[in-house]
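Okay, thanks everyone, let me get the structure up on the screen. I'll talk through what caught my eye, and shout if you want me to stop anywhere.

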Amino acid sequence: MSHMNTIFQLDEETLAALHELTRALHDSQTALTDSAAKVECPQTARLFYELATRRAQLEHELRQYIQLNDENPPSSGTLMGEAQKLWMALRSSVSGGKLEFILADMERLEDYLVDEYKTLLPKTAGSPLSAVLHEQFVAVKQGRDQVREFRQQKLQ
């Protein structure tokens, strides 16, 4: 029972980490959805849409914990995500939307998300959400690995 009470009273550092991860997940979900709509390869589009759906689920889960602590979750992504979106649009127009470049950009964005979890997990160690964040981290790494493997298959 005391475990449940602490979920409603997260410390500031954990809440800050939740806000940051929510923004990063939003960036990932948006980029994956945008890229899925642009690629001509149905397999790639399907992979991106599946990952975008998973990212949206993870983001929703974190938003709920933020709301349980009487805070408003972020409504947008990060500045890094906006910069990445501009970079991807520019690179796509210059490369003619080549799949290899889109896959490389998505892998880079997923690497960023993995790094965000790696950075924030130690800060939330001992938090009641530590297990939740570790589960999400594993899911994010699996998604990044799927993009990497898919990119390597397409380059062969």
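Let's go straight to H3 and what it hides: Thr44, Ala45, Leu47, Phe48, Leu51, Ala52, Arg55, Leu58, Glu59, Leu62, Tyr65 and Ile66 are all buried. Look at how those are spaced, and remember the usual rule: with 3.6 residues a turn, positions three or four apart point the same way. As for length, the 27 residues of H3 should span 39 Å at 1.5 Å a residue, and the end C-alpha atoms are 39 Å apart, so that agrees. I should say now that this is a predicted model.

Stepping back for a second, the chain has 6 helices and 0 strands, so to speak α-α-α-α-α-α when you read along the sequence. Of its 156 residues, 46% are buried. And if you take contacts between residues at least 6 apart in sequence, 77% of them join residues at least 24 apart.

Now, what happens just after H3? Aspartate 70 takes a positive phi there, about 55°, and it does that without being a glycine. Generally, most residues other than glycine have a negative phi. Aspartate 70 belongs to the loop between H3 and helix H4, which is 79-95. Buried or exposed, that aspartate 70? Exposed, because its relative accessibility is 75%, and the cut-off for exposed is over 50%.

Compare threonine 22, over in helix H2. Its relative accessibility is 1%, so threonine 22 counts as buried. Setting aside residues up to four places away in sequence, threonine 22 touches Glu59, Leu62, Arg63, Ile66 and Pro74. Glu59, Leu62 and Ile66 should sound familiar from the buried list for H3.

Staying with H2, residues 12-38, let me bring in H5, residues 99-120: the two pack at about 170° with axes 10 Å apart. That angle is over 145 degrees, and H2 and H5 are therefore roughly antiparallel. On the H2 side the contact includes Ala17, Leu21, Ala24, Leu25 and Ser28, and on the H5 side Ile102, Met106, Leu109, Leu113 and Tyr117 are among the residues taking part. Count up the residues of that contact and you get 13 nonpolar, 2 polar and 4 charged.

Which brings me to the cores. The largest nonpolar core has 23 residues, and Leu18, Leu25, Leu62, Tyr117 and Val140 have the most contacts inside it. Which elements give two or more residues to this core? H2, H3, H5 and H6 do, with H2 giving the largest share, 6 residues. Take leucine 18: leaving out neighbours within four places in sequence, leucine 18 contacts Leu10, Leu62, Tyr65, Ile66, Leu129 and Leu133. There's another core apart from that one, with 15 residues, including Ala31, Ile102, Leu109 and Val147. In soluble globular proteins, nonpolar side chains do tend to be buried together.

Last one, H6, residues 130-155. Its 26 residues reach 37 Å from the first C-alpha to the last, close to the 38 Å expected. The buried residues in H6 include Val132, Leu133, Phe137, Val140, Gly143, Arg144 and Phe150. What do the buried residues of H6 pack against? H2, H3 and H5. That's my tour, happy to rotate it around if anyone wants another look.

How values were computed: Residues numbered from 1 in each chain as written. Predicted model: local features only at pLDDT ≥ 70, side-chain atom pairs only at ≥ 80, totals over all residues. Heavy atoms only, no water. Axes fitted to C-alpha atoms, helices over the stretch in contact; angles between N-to-C directions. Helix = DSSP H or I, 4+ residues; strand = E, 2+ residues; numbered from the N terminus. Parallel < 35°, antiparallel > 145°, perpendicular 65-115°, else oblique. Contact = heavy atoms within 4.5 Å. Nonpolar A, V, L, I, M, F, W, Y, C, P; charged D, E, K, R; others polar. Expected span 1.5 Å × (residues − 1). Buried < 20%, exposed > 50% of the residue type's maximum accessible area, 1.4 Å probe, protein only. Core = buried A, V, L, I, M, F, W, Y, C linked by side-chain atoms within 4.5 Å.
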